[in-house]
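Q: Please take a close look at one part of this model. Follow its neighbours along the backbone, then its side chains, and go wherever those contacts lead.

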Amino acid sequence: QVQLVESGGGLVQPGGSLRLSCAASGSIFEIYVMGWYRQAPGKQRELVAVITSSGSTNYADSAKGRFTISRDNAKNTVDLQMNSLKPEDTAVYYCNANIAPDPRRYGMDYWGKGTLVTVSS
């Protein structure tokens with residue numbers, strides 16, 4: 001059983017910063033891509049940023065220049081540093097990871113339960 005647990009959400013004023021963290025635990029052989037997605041009220045879930053095990057990153061246009069994704073392969077964690085936050089960044093942020101539970105299986109997508117980020121004055 002694999003679990004992803006997010007932390008770090010909360011209320012922040014426009015222009016402020018937050019750091020989200022996600023830890024993967026359980027039966028893990030290898031973690032491939034890790035990433036962050038978000039879902040605002042009434043909207044579909046969308047990609048924020050992803051990072052491969054070698055450190056290659058990809059960002060949504062809305063996140064470029066403001067957000068930074070990083071991971072610690074030894075700790076099975078992925079973080080999202082969010083700066084210059086805007087009200088439109090308000091959403092539930094979900095951690096995602098493609099994980100092979102054992103060497104006999106291909107990677108599967110796992111999701112955390114989400115953490116709410118509210119940007120408001």
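A: What follows is about one strand, its partners and the contacts of its side chains.

The model is predicted: local features need pLDDT of at least 70, side-chain atom pairs count only at pLDDT 80 or more, and totals for chains, interfaces and linings use all residues. Residues are numbered from 1 along each chain as its sequence is written, and side-chain values use heavy atoms, with hydrogens and water left out.

Start with the backbone. Strands here are DSSP runs of E with at least two residues, numbered from the N terminus. Helices would be runs of H or I with at least four residues. Two strands pair if DSSP finds at least two bridges between them. The strand to follow is E4, residues 30-39. E4 pairs with strand E9, residues 91-100, in the antiparallel sense over eight bridges. In that pairing, Gln-39 has Val-92 of E9 as its bridge partner.

E4 also pairs with strand E5, residues 46-51. Five bridges join E4 and E5, again antiparallel. Trp-36 stands opposite Ala-49 of E5. The hairpin of E4 and E5 has six residues between the strands. In this hairpin, Gly-42 takes a positive phi near 75°.

Now the side chains. Tyr-37 comes up in a search for aromatic pairs, which finds one in the whole structure. Tyr-37 and Trp-111 form that pair, edge-to-face, at 5.1 Å centre to centre and 65° between the planes. Rings of Phe, Tyr and Trp (its six-membered ring) pair if their centres lie within 6.5 Å; planes under 30 degrees apart count as stacked, over 60 as edge-to-face and the rest as tilted. Tyr-37 is in E4 and Trp-111 is in strand E10, residues 108-111. They are 74 residues apart, so this pair links distant parts of the chain. Trp-111 has a relative accessible area of 38%, so Trp-111 is partly exposed. Buried means under 20% relative accessible area, exposed over 50%, and partly exposed in between, with a 1.4 Å probe and protein chains only.

Trp-111 leads on to Arg-45, which lies over the face of the Trp-111 ring at 4.6 Å from the ring centre. The charged end of Arg-45 also sits over the ring of Tyr-94, 3.7 Å from its centre. Such a contact needs NZ of Lys or CZ of Arg within 6 Å of the ring centre and within 35 degrees of the ring normal.

Return to E4 for Arg-38. Arg-38 forms a salt bridge with Asp-89, with the closest N and O atoms 2.9 Å apart. A salt bridge is a side-chain nitrogen of Lys or Arg within 4 Å of a carboxyl oxygen of Asp or Glu. Arg-38 is in E4, while Asp-89 is in the loop between E8 and E9, 51 residues away. Both Arg-38 and Asp-89 are buried. Asp-89 has another partner: the side chain of Arg-66 meets Asp-89 at 2.7 Å, N to O. Arg-66 is in the loop between strand E6 (57-59) and E7, and lies 23 residues from Asp-89. Arg-66 is buried too.

Finally, consider E9, the partner of E4. Cys-95 of E9 forms a disulfide with Cys-22, with the sulfur atoms 2.1 Å apart. A disulfide is a pair of cysteine sulfur atoms within 2.5 Å. Cys-22 is in strand E3, residues 18-26, and 73 residues separate the two. The S-S torsion is about -80°, so this disulfide is left-handed. Both cysteines, Cys-22 and Cys-95, are buried.
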